[in-house]
Amino acid sequence: MNLLLILGILLTLLTIGIVFYLVTARRYQSSDSVANSYDQWTEDGILEFYWGEHIHLGYYGSPPQPQDFLKAKEDFVHEMVRWGGLDQLPRGTTVLDVGCGIGGSSRILARDYGFKVTGVTISPQQVERAKELTSEELDAQFQVDDAMALSFPDGRFDVVWSIEAGPHMPDKAVFARELLRVLKPGGILVVADWNQRDDRQKPLNFWERPVMQQLLDQWSHPAFASIEGFSELLTATGLATGEVITADWTAQTLPSWLDSIWQGVARPRGLVQFGVSGFVKSLREVPTILLMRLAFGTGLCRFGMFRAIRVNTISQPLEAAASEVIEDQSHVKLRTEMAS
């Protein structure tokens with residue numbers, strides 16, 4: 001077999017792989033497409049095998065230090081608790097975990113801090129798995145709910161907590177308002193999210209646009225907010241008192257991407273355990289993970305942290321004004337989309 005034939009075969013396989021990757025993208029269509037995607041990952045168990053109970057990035061310190069991938073995820077929860085000031089709250093504090101996945105963070109909040117946690121996700125399979133993994137002595141319960149229209153009344157929780165759920169939300173202004181709406185007066189909102197660079201300050205260039213499009217298409221994301229943009233949306237609700245505190249944890253979480261790929265090398269049993277279909281499904285995620293590493297490593301994406309306090313009281317005029325701001329922003333967004 002000559003060199004040209006070998007190169008031809010490799011090029012053909014590469015072309016087939018690229019076409020397969022693009023054709024099988026899980027583009028955002030509705031909340032159902034997000035739920036179905038997580039249902040499938042939860043049902044086959046591949047994501048849990050490699051990522052553990054926490055379907056989010058890990059915390060590696062500042063500056064980052066080598067760390068076990070699964071341990072870094074647990075550390076992330078504790079660092080987020082400290083950053084948000086939640087470690088100063090008493091046992092029995094009520095917490096809503098929005099986008100709880102299979103309940104990893106909820107269980108830590110209940111077990112290590114004595115909080116009374118309610119976890120919500122749009123995926124029925126995730127709810128069932130979260131219940132299976134949660135012991136009865138923990139004060140943590142789980143239910144299916146939509147973060148764009150939470151089923152809880154105003155002022156229900158002492159704390160609202162969310163990790164990496166925002167990119168799945170089609171209207172970030174509605175998401176911001178729902179997170180703050182269900183907080184009690186004086187309650188604390190703590191959010192960790194994947195964010196895009198603020199393209200109002202520096203527009204995406206020729207290679208960033210297609211990369212960002214794949215990050216949206218491959219994992220059912222309608223859009224990423226910027227850190228600055230989502231902070232503005234939280235303020236615009238009229239439900240946050242004082243300044244919305246933000247931080248950039250890109251450096252602290254960046255090793256997670258390559259570590260997640262390394263799991264397949266370090267733990268090859270999973271490649272056999274889930275059969276050929278599981279191997280193909282795992283392998284097709286590698287390009288997206290590498291694109292994520294590229295985006296976060298070059299500043300196209302940033303890992304944003306947000307902390308806000310719910311106003312102690314809110315009058316009807318203030319609620320109306322906040323609604324008008326969100327409606328105006330929605331109209332601007334709609335006009336922008338129509339123009340483009």
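This is a short walk through one predicted model, starting with its sheet and moving on to its cores, its aromatic pairs and one enclosed helix.

Let me begin with the sheet, since much of what I will say later refers back to its strands. The sheet is open and has 7 strands, and if you follow them across in order you read β3-β2-β1-β4-β5-β7-β6, with mixed pairing. The edge strands, each of which pairs on one side only, are β3, residues 140-144, and β6, residues 240-248. On average, neighbouring strands of this sheet are turned by 15 degrees against each other, if direction is ignored. As general background, strands of a sheet pair through backbone hydrogen bonds, and they do this either parallel or antiparallel.

Now let me take some of those pairings one at a time. Strand β1, residues 94-98, runs parallel to strand β4, residues 157-163, and 4 bridges join the two. Within that pairing, V95 has V159 of β4 as its bridge partner, and V98 stands opposite S162 in β4. On the next step across, β4 and β5 also pair in the parallel sense, here over 6 bridges, with L189 in β5 as the bridge partner of V160. Strand β4 is largely enclosed by the rest of the structure, because 6 of its 7 residues are buried.

Further along, the sense of the pairing is antiparallel: β5 and β7 pair in this way over 9 bridges, and β6 and β7 pair antiparallel over 6 bridges. A residue to look for here is R307 in β7, which is the bridge partner of V190 and which also has I245 standing opposite. Strand β7 is itself mostly covered, with 7 of its 10 residues buried.

What lies across this part of the sheet? Helix α9, residues 227-236, lies across β5, β6 and β7, and runs at about 15 degrees to β7.

That brings me to the packing of the nonpolar residues. In soluble globular proteins, nonpolar side chains tend to be buried together. In this model the largest nonpolar core has 57 residues, and those with the most contacts inside this core are F76, W161, W194, W257 and F303. Helix α4, residues 69-84, gives the most to this core, with 6 residues. If you want one residue to centre your view on, you might choose W194, whose contacts, leaving aside residues up to four places away in sequence, include L57, E164, P167, W219, H221, W257, M292, R302 and F303. Apart from this core lies another one, of 30 residues, among them A176, L179, V191 and L233.

Next come the aromatic rings, of which the structure holds 16 pairs. The pair of F76 and F303 is edge-to-face, because the ring centres are 5.6 Å apart and the planes stand at 75 degrees. This pair links distant parts of the chain, with F76 in helix α4 and F303 in strand β7, 227 residues apart. Both F76 and F303 are buried. A second edge-to-face pair is formed by F230 and F306, with 5.2 Å from centre to centre and 80 degrees between the planes. Here too distant parts of the chain are linked, F230 being in helix α9 and F306 in strand β7, 76 residues apart. Are these two rings buried or exposed? F230 counts as buried, at 3% relative accessibility, and F306 is buried as well, with a relative accessible area of 0%.

Returning to F76 and F303, these two residues also belong to one aromatic cluster together with Y59, W83 and W249. Elsewhere, charged groups sit over rings: R267 lies over the face of F49, at 4.4 Å from the ring centre, and the charged end of K281 sits over the ring of W41, 4.2 Å from its centre.

I will finish with helix α8, residues 208-218. Why is this helix described as largely enclosed by the rest of the structure? The reason is that 8 of the 11 residues of α8 are buried. The buried residues are E208, V211, M212, Q214, L215, L216, D217 and Q218, so charged and polar names stand in this list beside nonpolar ones. The elements that cover them include α1, residues 3-23, strand β5, α14, residues 286-298, and strand β7. Following α8 comes S220, whose phi is positive, near 55 degrees.

Notes
Residues numbered from 1 in each chain as written. Predicted model: local features only at pLDDT ≥ 70, side-chain atom pairs only at ≥ 80, totals over all residues. Heavy atoms only, no water. Pairing = 2+ DSSP bridges. Helix = DSSP H or I, 4+ residues; strand = E, 2+ residues; numbered from the N terminus. Axes fitted to C-alpha atoms, helices over the stretch in contact; angles between N-to-C directions. Contact = heavy atoms within 4.5 Å. Core = buried A, V, L, I, M, F, W, Y, C linked by side-chain atoms within 4.5 Å. Buried < 20%, exposed > 50% of the residue type's maximum accessible area, 1.4 Å probe, protein only. Phe/Tyr/Trp six-rings, centres within 6.5 Å; stacked < 30°, edge-to-face > 60°. Lys NZ or Arg CZ within 6 Å of the ring centre and 35° of its normal.
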